Amino acid sequence: MVTEFNIENLKKDFKSEILEVTEKNPRRIIVTIKPASILKVAGFLYKEAGFRFIIASAIHTKRGFEIHYHFSKDQSGLILNLHVILDRENPQVESLSNMFNATNWIEREMHELFGINFLNHPNQDKLISEGNWAEGVYPYRKDFKSTTKEKE
Amino acid sequence: MSRKTLIPIGPYHPLQEEPELFKLYCDGEIVKDIQWVTGYNHRSIEKLSESKTYDQVFFLVERICGICSTSHPFAFANAVEEIAGIEVTDRAKYIRSIIGELERIHSHLLWVGLAGHFLGYNTVFMWAWKYREPVLDLFEMITGNRNSYAMFKVGGVRRDIENSKITSIRKILSDVRKKADLLTGAVMDDPVIHARTKGVGVLTKQDVIDYGAVGPTARASGLPIDVRKDDPYAAYPLVNWKVITAEAGDVFAKAQVRLLEMYESMSIIEQCLKGLEKEKEGDMNIKVNEIPEGIGHGRAEAPRGEVFHFVVSDGSNSPARHKIRAPSYVNIATFKKSCIGQTIADATITLAGVDPCYCCTERMAIAYDFSTGEKIMNAKEMIDHSARQTAGLRKTSTECYE
């Protein structure tokens with residue numbers, strides 16, 4: 001069941017999708033791919049290479065919105081990040097939740113906190129603020145200002 | 001046509017130690033669907049973390065969870081040390097592992113007690129919590145605190161375990177082992193516990209892979225996922241131990257995995273104490289000058305499963321982004337598979353079976369004004385909001401649907 005995973009094969013198989021591969025050390029690899037091909041590459045990792053999805057982290061940077069999808073190859077201790085950079089104005093990417101359930105919550109969370117739109121997500125309701133958050137306010141964006149002083 | 005009844009468990013319920021609302025949609029006694037509402041316990045820790053220095057973040061992440069309060073600093077230390085390329089001294093590794101494993105023992109004892117309580121078997125609850133006390137005393141002796149130990153820092157640990165204390169640690173541990181024998185024997189052979197937990201809340205291997213579940217939840221379904229083995233950190237590669245798994249995937253298998261894991265933890269602690277005697281006292285810190293730019297992934301095996309911290313550093317003295325994934329976050333989602341088709345009485349123990357920790361699951365929320373999202377609510381608005389929420393809950397708890 002446990003198949004050997006080789007990053008060189010991934011580079012070869014998905015040559016047109018991969019933009020950049022950073023190997024920090026043999027157990028931490030970051031693969032930057034085109035956002036449009038996330039379903040294809042993540043599907044390969046999950047279904048064929050036997051990776052487990054840990055979590056995804058969204059970051060708001062100068063380049064726009066970045067998402068790191070963290071995948072773990074258990075037994076070998078490898079963490080592979082699928083890294084996509086999304087458009088600043090209209091961040092959207094295909095949802096992985098139809099492929100496996102592990103991404104369901106985190107995509108809802110990223111939608112709620114960063115305003116990233118996940119296409120074809122089964123249920124993109126708010127996860128953690130139980131629907132009492134103001135619409136269109138995304139507190140984890142860097143340009144969000146939290147004001148604690150009350151206006152009179 | 002079937003008529004389903006909604007049975008709410010929570011948000012505040014005597015069975016649960018923390019607030020969370022589960023809505024069980026039942027047909028007669030059988031649970032047909034389950035929904036949950038989170039968000040009662042948000043503290044916005046990920047966002048807060050961006051405003052703290054690396055040293056302060058340790059105290060912050062320690063407060064994510066009261067029970068497994070070491071696993072989060074552990075994972076955060078791993079992440080930051082990966083960014084800075086630091087390898088801590090062997091003495092610090094041993095001390096870290098000792099704290100981590102002691103925590104596993106007390107957390108598993110706590111769970112066994114709670115599981116007994118959920119089954120209405122309060123003798124187990126009283127026993128397990130009584131036997132957990134010496135472990136907490138041990139914590140007090142080593143770290144000065146019964147909880148939130150504040151032992152971790154970048155590059156090492158804050159306090160040393162003096163070699164003079166090792167004898168008394170061994171003595172308390174052997175007492176704990178005797179009590180654990182007693183408890184394990186009682187729980188594993190009890191016909192009532194067998195009848196209530198065997199074949200209840202079964203998760204298959206495929207379910208676990210699908211939901212990405214971790215920790216004892218995954219190991220009870222036959223998947224040997226354990227970060228301590230897979231991605232070794234601290235002193236775990238230096239000692240001998242094995243990963244406990246079970247095949248059945250039901251609540252009994254989860255209990256079995258947890259109880260047997262306690263013995264592995266005790267064995268790890270004993271080996272670490274031996275290692276500690278060989279190392280020089282006080283050699284537990286290395287100097288860290290600065291945290292460079294970069295990203296780091298920290299993993300640690302908490303009692304409930306893998307804790308994952310992702311830290312992005314921009315070279316300043318505080319993280320630019322800090323993502324935390326606690327094990328309950330993925331484990332709670334498996335209820336959709338394990339609860340449906342059970343009776344209501346079994347659903348409670350199934351919910352308890354993954355040892356859910358809601359504080360871990362929820363880390364973020366700030367109270368904002370409804371319409372503008374600009375300011376934090378004042379007292380009056382807060383009370384109004386609370387009244388509205390309560391009215392809503394009253395409505396849902398009496399709601400039935402066709």
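Trainee: In the hairpin that β4(A) and β5(A) form, which residue in the turn has a positive phi?
Mentor: Good place to start, and keep in mind that this is a predicted model. Four residues lie between β4(A) and β5(A) in this hairpin. Among the residues of the turn, the one with a positive phi, about 75 degrees, is A:Gln75.

Trainee: How many bridges join β4(A) to β5(A)?
Mentor: Let's look at one pair before the total: A:His70 has a bridge partner in β5(A), namely A:Asn81. The two strands run antiparallel, and the bridges that join them number nine.

Trainee: What is the bridge partner of A:His60 in β4(A)?
Mentor: Here we move to the hairpin that joins β3(A) to β4(A) through two residues. These strands run antiparallel, with nine bridges between them. Within β4(A), the partner of A:His60 is A:Phe65.

Trainee: Which strands stand at the edges of the sheet, and why is one side of each left without a neighbour?
Mentor: Read the order across this open sheet of five strands: β1-β2-β5-β4-β3 of chain A, with mixed pairing. Each edge strand has a single partner strand, so one side is left without a neighbour in the sheet. The edge strands are β1 (18-25) and β3 (52-61) of chain A.

Trainee: Which residue in β2(A) does A:Asn25 stand opposite?
Mentor: β1(A) pairs with β2 (residues 28-33) of chain A in the antiparallel sense, over six bridges. Opposite A:Asn25 in β2(A) stands A:Arg28.

Trainee: What angle does the direction of helix α2 of chain A make with that of β5(A)?
Mentor: Helix α2 (residues 38-48) packs on the sheet, touching β2, β3, β4 (64-73) and β5 (78-86) of chain A. Its direction makes an angle with that of β5(A) of about 170 degrees.

Trainee: And what angle does helix α3 of chain A make with β3(A)?
Mentor: Helix α3 (residues 104-114) also packs on the sheet, where it touches β3 and β4 of chain A. Between its direction and that of β3(A), the angle is about 10 degrees.

Trainee: How many residues of β4(A) are buried?
Mentor: This strand has 10 residues and is mostly covered. The buried ones number eight.

Trainee: Which helix gives the largest share of the largest nonpolar core?
Mentor: That core has 139 residues, and those with the most contacts inside it are A:Leu82, B:Val80, B:Val112 and B:Ala115. The largest share comes to 13 residues, and its source is helix α4 (residues 90-118) of chain B.

Conventions
Residues are numbered from 1 along each chain as its sequence is written. Chains are lettered from A and ligands numbered from 1 in the order in which they are written. This is a predicted model: local features need pLDDT of at least 70, side-chain atom pairs count only at pLDDT 80 or more; totals for chains, interfaces and linings use all residues. Two strands pair if DSSP finds at least two bridges between them. Two residues are in contact if their C-beta atoms, placed from the backbone, lie within 7 Å. Axes are lines fitted to C-alpha atoms, for helices over the stretch in contact, and angles run from 0 to 180 degrees between N-to-C directions. A residue is buried if 20 or more other C-beta atoms lie within 10 Å of its own, exposed if 12 or fewer, and partly exposed in between; C-beta atoms are placed from the backbone. A nonpolar core is a set of buried Ala, Val, Leu, Ile, Met, Phe, Trp, Tyr and Cys residues joined through C-beta atoms within 7 Å.
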